[in-house]
Amino acid sequence: MSSLNRRTFLASAAGAGMLPFLRVLPASAQTRDTLVTVFGQTINSLDLHRVGTNRASYQVAINCYDRLVGFGAKQLPTGEMSYDYDVIVPELAESWIVSADGLTITFKLKPNATFWDGSKVTAEDVKWSLDRAVLAGGFPTTQMAAGGFFRADQFEVVDEETINVKLDYPSKLALPNLAVPVPFIINSKVAKANATDTDPWAMEYLHTNPAGSGAYKVARWDQGQQLVYERNDNWIGGDLPAIQRVIVREVPSAATRRALVERGDVQISFDIPDRDASELAEKLTVHSTPVENCIHALCLNSKFAPFQDADVRKAVAYATPYEAIFEAAAYGRGAKLWGGEAEITDTAWPRAFPYSTNLELAREHMAKSGFADGFDVTLSISLDLVSWMEPAALLIQEAMKEIGINVIVDRIPGANWRTVALVDKTLDMHLENFGGWLNTPCYYFFWAYQKDRLFNSSAYDNPVVHDLTEQTLHMPMDDPEYAGLIKQMFEIVIEDLPRIPLYQPALNVAMNGADGYEFWFHRQLDVRPLTGAGG
């Protein structure tokens, strides 16, 4: 999907009343040193490592903390800017050396790196932070494991400015995994001062009080309303940001967010619905970038008896109205993931599965199944994601009637979705949109197709796929065996169909009075490169 032409949008006629929204913004929001951005989700913690921290909150780890390293930036063929998975750049590390056997990475820290309180960033702070990431449990610990990091003894302080990171085996994901949001570096002196015997990692304190060295500090957090970033003028992790203050406002109504950015009352509306992106493109700058390693999918829970029947799963795949969903839910934005070739000749991911809407084939599979007379099933969607999930669910509901499946659509509050869909895995049929942070197919399989992984919401359990994922996860992609093993994984999940790909989504961002936007795999707004219009 190409970047859309930027056009000047003239504000509505003078004399129109200010939207009530603006009454709660600081007066400084109207200055040239401040950008205001809106989005529809809720930040529920300032600590990514805390159990239950939601995706919207990951932005704090990105903007307020540094990692040892980060990803570079590149210009896409469309002209848009994006992170560059193939380029690792320094943040807190000044340099690093990988040993000849690939088992040790030695990092030298920047000698002038300081935390917000002025204290020096030391190798002890790095070790404490990485120890926390691997030992805290839950999502952070699993993410660290994807890069080969499992234990505290893998992080060894050499001196105040040097730390060794040791691996049990070489891994292509080790260095990139240190650049994702999870392994952020915390001021351990502050954290330890606020830790307790029952909370040794200071989870309660850091939940509301970040302690980092990053480009921005949190000046104010009104939970459920807004987060205010204030620039750290002593930041040495990269180029000093142009904007002094960034206000992130939580506005649940998509219509309100659209009105605010159209009028120029805010400069950025982040993660806007595809429909709004399509319609606003003639008025504003709209960035629309397909999300790497991300799939919007219809998921069939293996705990639900009918979906244990392979013919039922194939019947659902052939009955799914892909084209109608792509137009109604995505407005044609992103990439199609149906109607692919049956023969697998490459390791591209996401890839189009070899299923298309074919009611005749769907009925044939239902007739062969153990549920030829049909059945009832609940299709669950998240109220946080209704802009695409609701139209998709209603189209699926209508289509399944044609093969005797009675679908009841259940709308679940966004605050509960992660628990029921991902943790408990109790939803029989549901829509999901997992995107892998590290851009390899084996990494996607690690999270979405391995038993008990968080994003395996279908509770899929195939020992062969599990073993193939373990085998390929750390294998170099140019290993002669890699492509063949990946193709085997593809073949199995295309046949098993725990997840039926619908389309690869695009991340849409509307801008009116701001520049400098960069797309990131984590689908959160990196405020560091932002500038005012023309900046």
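**Exercise 1. Packing of H9 and H11**

Which residues in H9 meet which residues in H11? Describe also how the two helices are arranged.

Solution. The model is predicted.
- Step 1: on the H9 side, the contact involves Asp311, Val312, Lys314, Ala315, Tyr318 and Ala319. On the H11 side, Leu359, Leu361, Ala362, His365, Met366 and Lys368 take part.
- Step 2: H9 covers residues 310-319 and H11 covers residues 359-368; their axes come within 8 Å and cross at roughly 165 degrees.
- Step 3: angles over 145 degrees count as roughly antiparallel, so H9 is roughly antiparallel to H11.
- Step 4: the H9 and H11 crossing is left-handed.

**Exercise 2. Packing of H15 and H16**

Determine how H15 and H16 are oriented and list the residues in their contact.

Solution.
- Step 1: the axes of H15 (residues 463-473) and H16 (residues 482-496) come within 10 Å and cross at roughly 150 degrees.
- Step 2: the cut-off for roughly antiparallel is over 145 degrees, and H15 and H16 are therefore roughly antiparallel to each other.
- Step 3: the crossing of H15 past H16 is left-handed.
- Step 4: H15 contributes Val464, Val465, Leu468, Thr469, Gln471 and Thr472 to the contact, and H16 contributes Tyr482, Leu485, Ile486, Gln488, Met489, Ile492 and Val493.

**Exercise 3. Nonpolar cores**

Identify the residues of the largest nonpolar core that touch the most other members, then place Val228.

Solution.
- Step 1: the largest nonpolar core has 156 residues, and Phe107, Leu298, Val316, Met429, Leu431 and Tyr449 touch the most other members.
- Step 2: apart from this core lies another, of 15 residues, including Val228, Val266, Ile272 and Ala281.
- Step 3: leaving out residues up to four places away in sequence, Phe107 touches residues including Leu68, Val69, Trp96, Ile163 and Leu178.
- Step 4: Val228 is in strand S9, residues 226-231. Buried means under 20% relative accessible area, so Val228 at 6% is buried.
- Step 5: beyond four places in sequence, Val228 touches Lys217, Val218, Ala219, Arg220, Arg245, Val246 and Ile247. Lys217 is eleven residues from Val228 in sequence, and their C-alpha atoms are 8.4 Å apart.

**Exercise 4. Backbone exceptions**

Where is Asp271 found, and where is Asn293 found? Compare the burial of Asp271 and Asn293, and locate the cis peptide bond at Pro350.

Solution.
- Step 1: most residues other than glycine have a negative phi, and most peptide bonds are trans.
- Step 2: Asp271 has a phi near 60 degrees and is in the loop between strand S11 and helix H8. At 33% relative accessibility, Asp271 counts as partly exposed.
- Step 3: Asn293 also has a positive phi, about 60 degrees, and is in the loop between strands S12 and S13. Asn293 is buried, at 0% relative accessibility.
- Step 4: the peptide bond from Trp349 to Pro350 is cis, with omega near -5 degrees. Pro350 is in the loop between strand S14 and H11.

**Exercise 5. An aromatic pair**

Classify the ring pair formed by Phe149 and Phe155.

Solution.
- Step 1: the whole structure holds 40 aromatic pairs. In the pair of Phe149 and Phe155, the rings are 6.0 Å apart centre to centre, with 45 degrees between the planes.
- Step 2: planes under 30 degrees apart count as stacked and over 60 as edge-to-face, so this pair is tilted.
- Step 3: both Phe149 and Phe155 are buried.

Technical notes: Residues are numbered from 1 along each chain as its sequence is written. This is a predicted model: local features need pLDDT of at least 70, side-chain atom pairs count only at pLDDT 80 or more; totals for chains, interfaces and linings use all residues. Side-chain values use heavy atoms; hydrogens and water are left out. Rings of Phe, Tyr and Trp (its six-membered ring) pair if their centres lie within 6.5 Å; planes under 30 degrees apart count as stacked, over 60 as edge-to-face and the rest as tilted. Buried means under 20% relative accessible area, exposed over 50%, partly exposed in between (1.4 Å probe, protein chains only). A nonpolar core is a set of buried Ala, Val, Leu, Ile, Met, Phe, Trp, Tyr and Cys residues joined through side-chain atoms within 4.5 Å. Contact means heavy atoms within 4.5 Å. Axes are lines fitted to C-alpha atoms, for helices over the stretch in contact, and angles run from 0 to 180 degrees between N-to-C directions. Helices (H or I, at least four residues) and strands (E, at least two) are DSSP runs, numbered from the N terminus. Angles under 35 degrees count as roughly parallel, over 145 as roughly antiparallel, 65 to 115 as roughly perpendicular and the rest as oblique. A crossing is left-handed if the near helix is turned anticlockwise from the far one by less than a right angle, and right-handed if clockwise.
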